[in-house]
Amino acid sequence: MTDIDASPDEDSGDNSKPSQSDTAGQPGGMRALLSSPGVKFIMIGFISVALLIPTLLVWGLVEERGRRAEEVSSGIARGWGGPQVLNGPYVAVPFEVNRNQTIDGRIIWQTATEWALLMPETLNVESRLVTEERRRSIYSLPVYNAKIAVSGRFEQGMIEDLRQIEGKPDLDRAMLVMSIADITGIRSDAGVRIDGGPLLPFEPGMKAISSLMPASPDPYTPPARLDSGVNRSIGRTLLESGFAFGIDLSLNGSRSFSIAPAGQTTHVSAEANWPHPGFEGLFLPDEKAIDAQGFSAKWTIPYLARGVDRVVSGSVMPLSSSLMSINMVEPVKFYQVVARTLKYSIGFFSVVFLAVFIIELKSVRKVHWIQYVLTGLALVVFYILLLALAEHTGFEIAYLFASFATTGLIAAYVGSVTSSFRRGAILAFALGAAYAVMYLILREDEYALLAGALISFVTIAATMFSTRNVDWSGAARRA
């Protein structure tokens with residue numbers, strides 16, 4: 001028997017088409033695979049994440065400029081007056097007390113001086129704040145001069161109140177004390193009128209008495225002790241009979257103005273020509289009115305609401321954390337707002353890239369991944385432009401200009417890449433809508449999460465609908 005060899009014409013391997021796996025291994029097939037919509041979509045995701053690196057650098061720039069602005073503001077405050085806090089007046093009475101301590105196993109008795117603080121029966125504070133903005137270079141700080149009238153009365157019975165304090169009171173050394181946070185802001189000869197009599201000048205300092213600055217936002221940082229204030233000796237006679245008092249102050253300050261409800265019943269009224277007040281503290285105003293010319297507000301704090309007895313033992317003034325505070329809020333703290341826009345950057349990049357990707361799918365000409373990178377860098381430059389302009393024009397004008405410039409640049413670029421003016425106009429509309437929505441989110445904190453959730457849902461739904469017929473693998477193109 002003879003072997004029959006297959007002829008070359010019967011070799012099917014010479015004329016058959018290459019398989020899909022063979023094609024993918026060839027250079028042309030690899031290029032087709034890399035240009036497929038699925039791979040392009042993954043690359044866009046990587047580009048979005050990579051853009052976080054320059055975005056973090058911009059964030060650092062915003063923080064650095066914000067610290068610089070804070071340093072300049074602090075310099076203005078040092079020359080004018082810092083945040084002011086008034087606490088008092090109180091009647092401070094020293095006590096001689098016997099205290100013991102153990103030294104080398106022996107009990108040693110010593111005489112120590114401790115203090116009791118008496119609060120007025122009634123306290124009325126009327127304040128009129130004249131505000132202005134002080135500038136240094138491109139930075140500004142709201143400052144004020146406060147005309148303050150403090151009046152009230154210490155009733156009879158103070159001697160009886162002091163009997164509950166351990167020790168022997170030295171009534172001849174009793175004094176009237178009032179804490180003022182930044183005493184360098186006093187702009188008048190401060191004094192007190194007793195029972196409508198002549199003006200008795202205050203002495204600087206509070207001797208052994210101190211107060212506390214308002215609590216720090218950091219719960220682990222204890223409040224700082226404050227020793228600045230004024231005092232006036234009053235003696236035994238006024239303690240026995242009680243007395244009315246009146247204090248007039250002209251006080252410079254900045255950023256905020258706070259009052260402690262030192263009276264057993266405290267009435268406070270304040271008005272200013274600043275249209276952007278922020279009312280904070282433990283007690284909010286009972287009445288307030290705000291318009292373009294300024295604001296007015298009134299508080300009434302009854303004895304029981306304070307939760308503090310009318311006489312306390314110790315050398316630290318009470319009620320330092322129970323304040324009525326008015327913040328001179330700047331219309332836009334743009335460093336904080338620019339930092340907040342950066343928090344939405346990754347979502348914003350994704351929305352814009354999805355819009356460009358959908359436009360690319362509908363276009364004959366394709367967008368190279370380098371062109372996606374350039375588009376993303378233009379979006380990053382938006383934040384730098386926003387920060388630089390906001391320091392000179394304010395946030396609203398800066399946001400309007402930066403968003404228009406960035407929208408025009410990206411829309412013109414993508415329209416040129418795809419050779420379609422119409423597609424560039426569509427992208428311009430999408431970018432403008434995105435910037436408008438982000439501005440609304442920044443202005444309305446309460447609805448930021450809801451708006452972000454709705455935008456995310458609409459974006460992914462539009463993407464799914466627009467790409468429902470897309471050949472993500474590009475197999476039809478390679479076939």
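The largest cavity in this predicted model has a volume of about 30 Å³. The count of cavities of 30 Å³ or more comes to one. Rolling a probe the size of a water molecule over the atoms shows where empty space is left. The walls of the largest cavity are formed by Phe257, Ile259, Val268, Ala270, Trp299, Met324 and Ile326. Three elements give two or more residues each to this lining: strand E14 (256-259), strand E15 (265-272) and strand E20 (324-328). Sorted by class, the lining holds seven nonpolar residues, with no polar and no charged residues.

Two alanines were examined in their surroundings. Ala92 belongs to strand E1, which covers residues 84-103. The relative accessibility of Ala92 is 0%, and because buried means under 20%, Ala92 counts as buried. When residues up to four places away in sequence are not counted, Ala92 touches Trp115, Ala116, Leu117, Arg173, Ala174, Met175, Val177 and Ile209. One of these, Met175, is 83 residues from Ala92 along the chain, yet the C-alpha atoms of the two residues are separated by 5.4 Å.

Ala411 is located in a helix, H11, which runs over residues 395-417. Its relative accessible area is 8%, so Ala411 is also classed as buried. Apart from neighbours within four places in sequence, Ala411 is in contact with Gly424, Leu427 and Ala428. The C-alpha atoms of Ala411 and Phe429 lie 8.8 Å apart, and 18 residues separate the two in sequence.

Helix H9 was considered as a whole element. H9 consists of 17 residues, from 345 to 361. From its first C-alpha to its last, the helix reaches 24 Å, which is close to the 24 Å expected at 1.5 Å a residue. H9 is mostly covered, with 12 of its 17 residues buried. Among the buried residues is a run from Val352 through Phe353, Leu354, Ala355, Val356, Phe357, Ile358 and Ile359 to Glu360. Ser345, Phe348 and Phe349 are buried as well. An α-helix has 3.6 residues a turn, so residues three or four places apart point the same way.

Conventions. Residues numbered from 1 in each chain as written. Predicted model: local features only at pLDDT ≥ 70, side-chain atom pairs only at ≥ 80, totals over all residues. Heavy atoms only, no water. 1 Å grid on protein atoms, 1.4 Å probe; cavity = no way out; pocket = protein on both sides within 12 Å on 5 of 7 lines; lining within 4 Å. Points joined across faces, edges and corners; volume = space filled by probe spheres on them. Helix = DSSP H or I, 4+ residues; strand = E, 2+ residues; numbered from the N terminus. Nonpolar A, V, L, I, M, F, W, Y, C, P; charged D, E, K, R; others polar. Buried < 20%, exposed > 50% of the residue type's maximum accessible area, 1.4 Å probe, protein only. Contact = heavy atoms within 4.5 Å. Expected span 1.5 Å × (residues − 1).
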